[in-house]
Amino acid sequence: MPAMLEFLRRKRLRRENEDEKALLHISDTPERAYPRIAQLIDELHPEYIVHTGDLVDNIKLERRPDLKPLYAGGVRKLARILKGSGAELYVVPGNEDDPEILKEYFEDSVVEPGTVVEIGGVKFALGHKPEEVARLNADFKLYGHNFKVMPRGLNGLRSINIVFLPSKRVVKISYPPGTDTHRGYKLWRGL
């Protein structure tokens, strides 16, 4: 990354004061994105991390349940990164996740879709699919699954989201190039 772009990115990630806390929101993460997530955690030191499902999104368990051992290996890798951060974790199972494997690695951090939590005086509705949070009363609705947007929604599939508390300032950071390809999405151009 050119020096000026790196400077601007780091400036956006600065906390406005020493009391400000950071919540990192990610979703639909293929294993190829894990190093970037780890780097961002090391830079930001978030107090809270929310993953809104499909933790190993390069493995589609819904269609390929025979890949469960590979999926478990991916969850183990991501659990090391997220739990190693020391942040308070919230993990929502997605349609491509195995809830039992998630509970094995994340224990009490696993929350049901449609859960509303209050963090730093701010209400967050947590779900994997947009419809799981659309009608909930919250300051922010965190989700992934597809590219839909909604009022007060932060889609963790479209970008890595950082919410600073209590100011509610939001910074969106792109996933690494090729992330959508590793998720199994194909972009059609010129059709």
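The exercises below work through the sheets, cores and backbone details of one predicted model.

The model is predicted, local features need pLDDT of at least 70, side-chain atom pairs count only at pLDDT 80 or more, and totals for chains, interfaces and linings use all residues. Residues are numbered from 1 along each chain as its sequence is written, and side-chain values use heavy atoms, with hydrogens and water left out.

**Exercise 1. Work out the strand order of the five-stranded sheet and state which strands are its edges.**

Solution.
Step 1: Strands (E, at least two residues) and helices (H or I, at least four) are DSSP runs numbered from the N terminus. Two strands pair if DSSP finds at least two bridges between them.
Step 2: β1 and β2 are parallel, with four bridges; His25 faces Val50 in β2.
Step 3: β2 (residues 48-51) is in turn joined to β3 by four bridges, also in the parallel sense, and Ile49 is opposite Leu89 in β3.
Step 4: β1 and β8 run antiparallel and share five bridges; here Ala22 stands opposite Phe164.
Step 5: The order of the open sheet is β3-β2-β1-β8-β9, and the pairing is mixed. The edges are β3 (88-91) and β9 (169-173), each of which pairs on one side only.

**Exercise 2. Describe how helix α2 is placed against this sheet, and give the handedness of the crossover from β1 to β2.**

Solution.
Step 1: Contact means heavy atoms within 4.5 Å. By this rule α2 (residues 34-44) packs on the sheet and touches β1 (21-26), β2, β8 (160-165) and β9.
Step 2: Axes are lines fitted to C-alpha atoms, for helices over the stretch in contact, and angles run from 0 to 180 degrees between N-to-C directions. The direction of α2 makes about 175 degrees with that of β1.
Step 3: A crossover is right-handed if, with the strands pointing away from the viewer, the path from the first strand over the helix to the second runs clockwise. The β-α-β crossover from β1 through α2 to β2 is right-handed.
Step 4: Buried means under 20% relative accessible area, exposed over 50%, and partly exposed in between (1.4 Å probe, protein chains only). Five of the six residues of β1 are buried, so this strand is largely enclosed by the rest of the structure.

**Exercise 3. Which strands form the four-stranded sheet, and in what order?**

Solution.
Step 1: β4 and β5 (residues 122-126) pair antiparallel over five bridges. Thr115 has Leu126 as its bridge partner in β5.
Step 2: The order of this open sheet is β4-β5-β6-β7, with mixed pairing. Its edge strands, each pairing on one side only, are β4 (115-119) and β7 (153-155).
Step 3: Neighbouring strands are turned by 25 degrees against each other on average, direction ignored.

**Exercise 4. Which residues of the largest nonpolar core touch the most other members, and which element gives the most to it?**

Solution.
Step 1: A nonpolar core is a set of buried Ala, Val, Leu, Ile, Met, Phe, Trp, Tyr and Cys residues joined through side-chain atoms within 4.5 Å.
Step 2: The largest core has 35 residues, and Leu24, Tyr71, Val75, Leu82, Leu102, Phe106 and Ile162 touch the most other members.
Step 3: α3 gives the most to this core, with six residues.
Step 4: Leaving out residues up to four places away in sequence, Tyr71 touches Val56, Ile59, Leu61, Glu96, Asp97, Asp98, Ile101 and Leu102.
Step 5: A second, separate core of 16 residues includes Val111, Phe124, Leu142 and Val163.

**Exercise 5. Classify the geometry of the aromatic pair formed by Phe124 and Phe140.**

Solution.
Step 1: Rings of Phe, Tyr and Trp (its six-membered ring) pair if their centres lie within 6.5 Å; planes under 30 degrees apart count as stacked, over 60 as edge-to-face and the rest as tilted. The count by this rule is one pair.
Step 2: For Phe124 and Phe140 the centres are 5.6 Å apart and the planes 15 degrees, and the pair is stacked.
Step 3: Phe124 is in β5 and Phe140 in β6 (residues 140-143), 16 residues apart. Both Phe124 and Phe140 are buried.

**Exercise 6. Where does the chain have a cis peptide bond, and what are the phi values of Asp54 and Arg152?**

Solution.
Step 1: Most residues other than glycine have a negative phi, and most peptide bonds are trans.
Step 2: The bond between Leu165 and Pro166 is cis, with omega about 10 degrees; Pro166 lies in the loop between β8 and β9.
Step 3: Asp54 has a positive phi, near 55 degrees, and is in the loop between β2 and α3. Asp54 counts as buried because its relative accessibility is 3%.
Step 4: Arg152, in the loop between β6 and β7, has a positive phi near 60 degrees. Arg152 counts as partly exposed, at 45% relative accessibility.
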